[in-house]
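I opened my notebook beside the model and wrote down each thing as I looked it up. Here are the entries, in the order I made them.

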Amino acid sequence: MADVQPLRGIHYNSDVVGNLAEVVTPPYDVISEEAQARYYGRSPYNIIRLELGLDEPGDTTLNNRYTRAASTYAQWRAHSILRQDAVPCYYFYQQIFTYNGKTYTRTSLLARVRLEPWSARVVLPHEHTMAKPKDDRLKLLRACVTNLSPIMSLYDDPQGRIRRLLTSYAAKAEVQITDEVNEDHHLHPITDEEQIALIQDFFSERQLYIADGHHRYETTLNYREEVQTMRHQRDPDDAANFVLMALIDLDDPGLLVLPTHRLLSGLSQDALNTLTNQQLAQYFTIHQPGKARDSQEAILERLAQVGASAPSFIFSTARQTWVLSLNDAGKAHMKESGHSDAWNKLDVAVAHTLLLEALPGLRPEDMAVGTHIRYTRDAQEALEAVRKGEAQAALLLNATRVRQICEVAEADDRMPQKSTYFYPKLITGLVMNPLW
């Protein structure tokens, strides 16, 4: 199964850059233009200059943000702004954060993992990817020849052996920083040879599930193929065969998945007319229909009450709010979806298939590109948009359970777009994995 190895990680020299909190960022795909500019101004050594450099007027194929990232990276290494560990090691990495007034601790193992094609069923995906992000990341990978940020992946450890091993490093972590949103990050190298052997042996019998980073994984696969084609050989020990991952126990108490809600707009009156009690009752049991002015807490409480026994969600318009759960007729219809049983049981899959496609007739390809639909993780924002007339309807979802994600991956299926949001994101800039 998974080949999980220690690495000679590259990381910032705090004696040169000072406070490490000033040089790290979130992953590239959640950084806005305003945040990008803020990170540029925070420190001349901020990882943003590598991870998501600025485009400049007059950029060419020979001078652009990717070539500037490569040049900056080489300079930082030459001047010991970045340095590489002398011996291979794993890294204990812990994030301590607060969500809705509760404090969580999420523990992961940073390691390099041998790349395997999806068909090998060693590393399992749960979502589709798009060409544009992969093209961007491939250009950056060619330029820097380094994984600048880790892919978040999951593993199953019912006895919690690896998590217990890792948490023994929590009190003595070499790196302890607090980021701009007041989340704590702890990092410590694991160099003990017996522990390294134990970790490698543990993962050799396990599959991995990608949680966040599908585009970067496929990008690194593509990069490896380029390297092997150019070298006319396939060396199993080549560093290009590996990718940087943060490995997290499925049962980690800090593994938090948030829902992503849907806002609908631009629907025709005919489409809206299909969303009535009579039509909804074809596929759903309607629980305690409420009014749009009901509080968010009251609405979400009703959803929680019915969500444990069947796929359920809230659908709210300016006139009415429904709490809907899948009925027997709806279950029968879902069996015709062409997807796996695991997929058919997802709240988001049921909502897309029966509420958005079967009734108002929205097409999956239109939803994929954002026609009639936009997304928010804030339930209050979704309900307010409907009340203010900024959206015609809101679809509020429960969070997808971690085990459901793994079941879909094991069935070799793919979840609908924006089905999961692992919170918080992994930080970028603590450890990098060279591919040379």
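**Entry 1: the end of α17.** I began where helix α17 stops, in what is a predicted model. Asp412 follows α17, and its phi is positive, near 60°. I noted the value because Asp412 is a residue other than glycine. Asp412 sits in the loop between α17 and β20. Is Asp412 buried or exposed? Neither label fits: with a relative accessible area of 47%, Asp412 is partly exposed, since that class runs between 20% and 50%.

**Entry 2: another positive phi in that loop.** I read on through the loop between α17 and β20 and came to Lys418. Lys418 is not a glycine either, yet its phi is positive, about 55°. I put Lys418 down as partly exposed because its relative accessibility is 42%.

**Entry 3: a cis bond after β20.** Which residues does the cis peptide bond join? I found it between Tyr423 and Pro424, with omega at about -5°. Pro424 belongs to the loop between β20 and β21, the latter being residues 433-434.

**Entry 4: back to α17 itself.** I then asked which residues of α17, which spans 402-410, are buried. My list reads Val402, Gln404, Ile405, Cys406, Val408 and Ala409. I kept a rule of thumb in mind here: an α-helix has 3.6 residues a turn, so residues three or four places apart point the same way. Next I looked for what covers these buried residues of α17. Among the strands are β6 (123-124), β8 (151-155), β11 (208-212), β13 (256-258) and β20 (421-423). Helix α13 (341-344) is also part of the cover.

**Entry 5: strand β19.** How many of the five residues of β19 (393-397) are buried? The count is five of five, and I wrote the strand down as mostly covered. In a regular strand the side chains alternate between the two faces of the sheet. I sorted β19 by side: Ala393, Leu395 and Leu397 are on one, Ala394 and Leu396 on the other, and both faces are covered.

**Entry 6: the partners of β19.** I looked up which strands pair with β19.
- β14 (261-264) pairs with β19 in the antiparallel sense, over three bridges. Here Leu264 has Ala393 as its bridge partner.
- β16 (312-317) also runs antiparallel to β19, with five bridges between them. Phe313 is bridged to Leu397 in β19.

**Entry 7: Ala382.** I picked Ala382, which is in helix α16 (379-387). I call Ala382 buried because its relative accessible area is 0%. What does Ala382 touch, leaving aside neighbours within four places in sequence? The contacts are Leu263, Thr376, Ala394 and Leu396. Two of these names took me back to my β19 entry, where Ala394 and Leu396 are together on one side of the strand. I also took one distance: Ala382 and Ser316 are 66 residues apart in sequence, and their C-alpha atoms are 9.2 Å apart in space.

**Entry 8: α4 against α5.** I turned to helix α4 (65-78) and helix α5 (131-144), whose axes come within 8 Å and cross at roughly 35°. The crossing is right-handed. From α4, Arg65, Tyr66, Ala69, Ala70 and Tyr73 take part in the contact. From α5, they meet Asp136, Lys139, Leu140, Ala143 and Cys144. I sorted the residues of this contact into seven nonpolar, three charged and no polar.

**Entry 9: Thr25.** I went to Thr25, in the loop between α1 (14-17) and α2 (33-42). Thr25 counts as buried because its relative accessibility is 1%. Beyond neighbours within four places in sequence, Thr25 is in contact with Ile31, Tyr39, Asn46, Ile47, Ile48, Ile427 and Thr428.

**Entry 10: the whole chain.** I finished with the overall numbers. The protein chain has 17 helices and 21 strands. Of its 436 residues, 55% count as buried. Its C-alpha atoms fill a box of roughly 70 × 55 × 45 Å along the principal axes. The radius of gyration is 23 Å, which agrees with the value near 22 Å for a compact globule of 436 residues. Last, among contacts between residues at least 6 apart in sequence, 77% join residues at least 24 apart.

Conventions
Residues are numbered from 1 along each chain as its sequence is written. This is a predicted model: local features need pLDDT of at least 70, side-chain atom pairs count only at pLDDT 80 or more; totals for chains, interfaces and linings use all residues. Side-chain values use heavy atoms; hydrogens and water are left out. Buried means under 20% relative accessible area, exposed over 50%, partly exposed in between (1.4 Å probe, protein chains only). Helices (H or I, at least four residues) and strands (E, at least two) are DSSP runs, numbered from the N terminus. Contact means heavy atoms within 4.5 Å. Two strands pair if DSSP finds at least two bridges between them. Axes are lines fitted to C-alpha atoms, for helices over the stretch in contact, and angles run from 0 to 180 degrees between N-to-C directions. A crossing is left-handed if the near helix is turned anticlockwise from the far one by less than a right angle, and right-handed if clockwise. Ala, Val, Leu, Ile, Met, Phe, Trp, Tyr, Cys and Pro count as nonpolar, Asp, Glu, Lys and Arg as charged, and the others, Gly among them, as polar. The radius of gyration is taken over C-alpha atoms; the globule rule is 2.2 Å times the number of residues to the power 0.38.
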